[in-house]
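Reader: I would like a close look at one part, the main pocket, with enough of the surroundings to place it. Please keep the explanation plain and give the cut-offs behind the terms.

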Amino acid sequence: MIRLAWPDLGPEELAAVAEVLESGQLTMGPKVEEFEAELAAACEVEHAVVVSSGTAALHLSVLALGIGPGDEVIVPAYTFPATANVVALAGARPVLVDVDPETMNLTAEVVGEALTERTKAVLVVHLFGRPAPWESLEAAAPEGVALLEDAAGALGARRSGRACGGLGRLGCLSFHPRKIVTTGEGGAVTTDDAEIADAVRRFRHHGIEPRGDFDIRSPGLNYRLPDILCALGTTQMRRLERLVEERERLAAGYAERLEGAVGLPSADEGDRHGWQAYVVRVDRRDEALAALREAGIQAQIGTYALHRLAAYADQGPFPGADAAYERALALPFHNRLTDGDLDRVAEVLLAHTGRGH
């Protein structure tokens, strides 16, 4: 079996976790601040606040912006459902818009068309690690409409030399096991805005004020990330560049074998892809997926077309999102893959497209 994903964990992570266990301080201890400092430096922002998941990061970002009933947030129709769910759970309306079927990201044109007087934010996803066209999106968003980055798959990615996770008013990261840096579950909010950072800290810890005497001005949640998991993340952050370079090497290996047979993932000139996943575009995707699994190769669809889910079925049509959903195929992508593994994956896909021997 060739696995879809395999977290990059080893002796350093074991030692870091053991250190926390020996300290007896398992949550809200020094490893939290260490991890936050590493993340802030990588995203080139003043503040990073770690939380219990990428979804928690999105949820608290929406709450920190004061978004609620009567408000609208523009969300791509092709993304993981959490991106829209957090808006709905805050009482606001996620307004789905179409995506470019090749880049699978938002465009300024569709955002501009969806803006209303109720629009409070645009949730921009760097899907699978490909940086979104930030400058045009920024130009399309009027004053008072926040650009919120869903950079769950884009830690280490760069847009025109700038770090993803540091482009918008807030950025949201995820440390799920399929991400380049993992804590098992976990996430973070990144920002240069000290008031926003304090609001996120307050919301993640029951609403308790982060400075001064114990007080709760408004109710919060328990979205804390324990020191055990922060120790994992801190260890990996210290080799982030190496992890990204390894993904780049694997991506180049796939591209060499599959060029001309499938639609290959890429980034705009001058950008650095974050390579959270290696997602190709292929005709008869479900047949290709079945063939890979039959050959003992784990694979998966890219992500979801939200308007095909019951919760969001009242919006659409979105032909770009449909095309992305129907063609996107995630291939095995982790640093335990060998050249022989890449050959096996390519052989099945080339046979599927009629280009095999």
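Author: A residue counts as buried under 20% relative accessible area, as exposed over 50% and as partly exposed in between (1.4 Å probe, protein chains only). By that rule, 57% of the 357 residues in the protein are buried. The model is predicted, with local features needing pLDDT of at least 70 and side-chain atom pairs pLDDT 80 or more, while totals for chains, interfaces and linings use all residues. Residues are numbered from 1 along each chain as its sequence is written, and side-chain values use heavy atoms, without hydrogens or water.

The overall frame comes before the pocket. The protein has twelve helices and twelve strands (DSSP runs numbered from the N terminus, H or I of at least four residues for helices and E of at least two for strands). Along the principal axes, its C-alpha atoms fill a box of roughly 70 × 55 × 35 Å. Of the contacts with a separation of 6 or more (a contact being heavy atoms within 4.5 Å), 70% join residues 24 or more positions apart.

The largest pocket has a volume of about 650 Å³. Its lining has 30 residues, and those closest to the centre are Phe80, Ala152, Lys179, Gln276 and Thr303. A pocket here is an open set of points on a 1 Å grid over the protein atoms alone, where a 1.4 Å probe fits, with protein on both sides within 12 Å along at least five of seven lines; lining residues have an atom within 4 Å of a point. Points are joined across faces, edges and corners, and the volume is the space filled by probe spheres set on them.

Several elements contribute to this lining. Helix H3 (54–64), helix H4 (82–89), strand S8 (170–174) and strand S11 (300–301) each supply at least two residues. By class, the lining of the largest pocket has twelve nonpolar, 14 polar and four charged residues (Ala, Val, Leu, Ile, Met, Phe, Trp, Tyr, Cys and Pro are nonpolar, Asp, Glu, Lys and Arg charged, the others, Gly among them, polar).

Gln276, one of the residues closest to the centre, sits in the loop between helix H9 (240–258) and strand S10. Its relative accessibility is 11%, so glutamine 276 counts as buried. Leaving aside neighbours within four places in sequence, glutamine 276 is in contact with Phe128, Gly129, Gly153, Arg178, Lys179, Arg247 and Phe333. Lys179 is thus both a contact of glutamine 276 and one of the residues closest to the pocket centre.

S11, a contributor to the lining, also belongs to an open antiparallel sheet of three strands, in the order S10-S12-S11. S10 and S11 are its edge strands, each pairing on one side only. S11 pairs with strand S12 (residues 328–331) over two bridges, and at least two bridges found by DSSP are needed for a pair. Isoleucine 301 has leucine 329 of S12 as its bridge partner.

The loop between S11 and helix H11 (319–327) holds proline 317. A cis peptide bond joins glycine 316 to proline 317, with omega about 5 degrees. Beyond S10 (278–281), arginine 284 lies in the loop that leads to helix H10 (285–294). Its phi is near 55 degrees, a positive value in a residue other than glycine. Arginine 284 is partly exposed, at 46% relative accessibility. Most residues other than glycine have a negative phi, and most peptide bonds are trans.

For reference, the second largest pocket has a volume of about 230 Å³. Its lining includes Met28, Glu33, Arg201 and His205. Helix H2 (30–43) and helix H7 (194–204) each supply at least two lining residues; H2 gives the largest share, three residues. Four of the residues lining the second largest pocket are nonpolar, two polar and five charged.

Methionine 28, part of that second lining, is in the loop between helix H1 (11–23) and H2. Its phi is near 55 degrees, again a positive value in a residue other than glycine. With a relative accessible area of 36%, methionine 28 is partly exposed.
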